[in-house]
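Let's take a walk through a protein together, starting with one residue and working outwards. Have a look at the picture first, and turn it around a few times if you can.

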Amino acid sequence: MSQAIWIQALRTVPQVDKTCWDGLNILTKWLVASRFSVTIMSFTSAIIGILLALSTATVDFGLAVLCIIGLVLAHATNNLLNDYTDSARGVDKGNYFRTQYGTHVLESGLLTKKQLMGYISVTGALALACGFVIIYLRGIDVLWLLLAGAFFVLFYTWPLKKLALGELSVLIVWGPLMVGGSYYVSSGQWSVAAMLIGTLYALAPTAVIFGKHIDKMGMDKSKGIYSLPVLLGSTYARKAVQFMLLSQYFLAAYIYWSGYIGISILVLLLAVPTLIHTFKVFNHERPTSMPDGFRKEVWPLWFAPNAFQYTRKFSLFFLVMLILENIIAGFNL
């Protein structure tokens, strides 16, 4: 049972009852509680920064690995803190969306607040330890990256998300901050190109969070959470997601024209069929009941998982593009 849940927790946010939970080992419990499956976006941002550094500079692989671990742990810390904060503030009460699409360890009575705070403290301390080691080895400039990251970890759930700044925060964190920061940590150099390319990638994770906020905008509005979709309304929020996804390809064209990425950027076109499907999904309102064949473990989320499927596909081709770029750069040496 523990192994099956462990595998599920790497793919999605599984629903776990008390009997099942008691039979899990501590690592599997942490994977479920931290919604570890979505940290793939932080892993991808870090890898992008490192691959970009490989094509243009000398990379310290020890620091690169430490950076990946630190960013994934920071993301996990944010997820745990998000559940703690929203539960303490009463946001997740009353069959809120968060409790419907995956295990919420506080609302389900699987952990006490004290126990969850223990998870948060250990995970956050490990993330900070990675950051302090990197600062010691790479230099004091990394401190500003760490402080910026800590700001978003601590304040994303409240007040940024409530003030319609959550979506912008995701774009900044998963783009310039993570990709540009990973580039600097692994190479010791700053790169405007890396931050721009990171922004290109981050538009996809931003679409995921936008989709999630569209899915739950009715409940958010009733609880005084004014996310950007709540302010825009469903129609304009869905069009905003479509604009973000389409703008990735215009930005990719600019990056090619500027010489930051070569002909390998054409690999991104392989994501266009999934883009077209995602566009069609966002053309319509969310279904009132779960469509046949849809994954019941993620319902009632609809727009978020569809955007996440696109993001997974786009991320794969993005990484293939950067690997090819490194191979081409190697041949040109």
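Is Glu285 buried, partly exposed or exposed? Keep in mind as you look that this is a predicted model. Glu285 turns out to be partly exposed, because its relative accessible area is 48%, and a residue needs over 50% to count as exposed.

Now see what Glu285 is doing there. Its side chain meets that of Arg238 in a salt bridge, at 3.2 Å from N to O. Arg238 sits in helix α13 (residues 234-257), while Glu285 is in the loop between α14 (272-282) and α15, so the pair ties together parts that are 47 residues apart in sequence. The two partners have rather unlike surroundings: Arg238 counts as buried, at 6% relative accessibility, whereas Glu285 is partly exposed. If you're wondering what brings such partners together, side chains of opposite charge can pair when their charged atoms come close.

How many salt bridges does a search of the whole structure find? The answer is four. One of them joins Lys18 and Asp22, with their closest N and O atoms 3.4 Å apart. These two are four residues apart in helix α2 (residues 18-22), so about one helical turn separates them. Lys18 is partly exposed at 43% relative accessibility, and Asp22 is partly exposed too, at 49%. Another salt bridge links the side chains of Asp220 and Lys216, at 3.0 Å from N to O. Here both partners are buried.

Next, let's step back and take in the whole chain. Its secondary structure is made of 15 helices and zero strands, so don't go hunting for a sheet, because there are no strands to build one from. The C-alpha trace spans about 60 × 45 × 40 Å along its principal axes. Is that what a compact globule would give? For 333 residues, a compact globule would have a radius of gyration near 20 Å, and the chain's value of 20 Å agrees with that. Buried residues make up 54% of the 333. Among contacts with a separation of 6 or more, 73% are between residues 24 or more positions apart.

Aromatic rings are worth a stop as well. The count comes to 11 aromatic pairs. One of them is Phe151 with Phe155, a tilted pair with 5.3 Å from centre to centre and 50 degrees between the planes. Both lie in helix α8 (residues 141-160), four residues apart, which is about one turn of the helix. Phe151 is partly exposed, with a relative accessible area of 38%, and Phe155 is partly exposed at 37%. Elsewhere, ring pairs link Tyr201, Tyr249, Tyr310, Phe314 and Phe318 into a cluster.

Finally, come out to the surface. The chain exposes about 15100 Å², and carbon and sulfur atoms supply 69% of it. Which helix gives the largest share of the nonpolar patch? That is helix α15 (residues 303-331), with six residues. The patch covers about 870 Å², and its members include Tyr256, Leu266, Val320 and Ile327. Ile327 lies in helix α15 and counts as partly exposed, at 44% relative accessibility.

Definitions and conventions
Residues numbered from 1 in each chain as written. Predicted model: local features only at pLDDT ≥ 70, side-chain atom pairs only at ≥ 80, totals over all residues. Heavy atoms only, no water. Patch = residues over 30% accessible without salt bridge, like charges linked within 9 Å, V, L, I, M, F, W, Y side chains within 5 Å. Areas by Shrake-Rupley, 256 points an atom, 1.4 Å probe, with all protein chains shown as cover. Buried < 20%, exposed > 50% of the residue type's maximum accessible area, 1.4 Å probe, protein only. Rg over C-alpha atoms; globule rule 2.2 N^0.38 Å. Contact = heavy atoms within 4.5 Å. Phe/Tyr/Trp six-rings, centres within 6.5 Å; stacked < 30°, edge-to-face > 60°.
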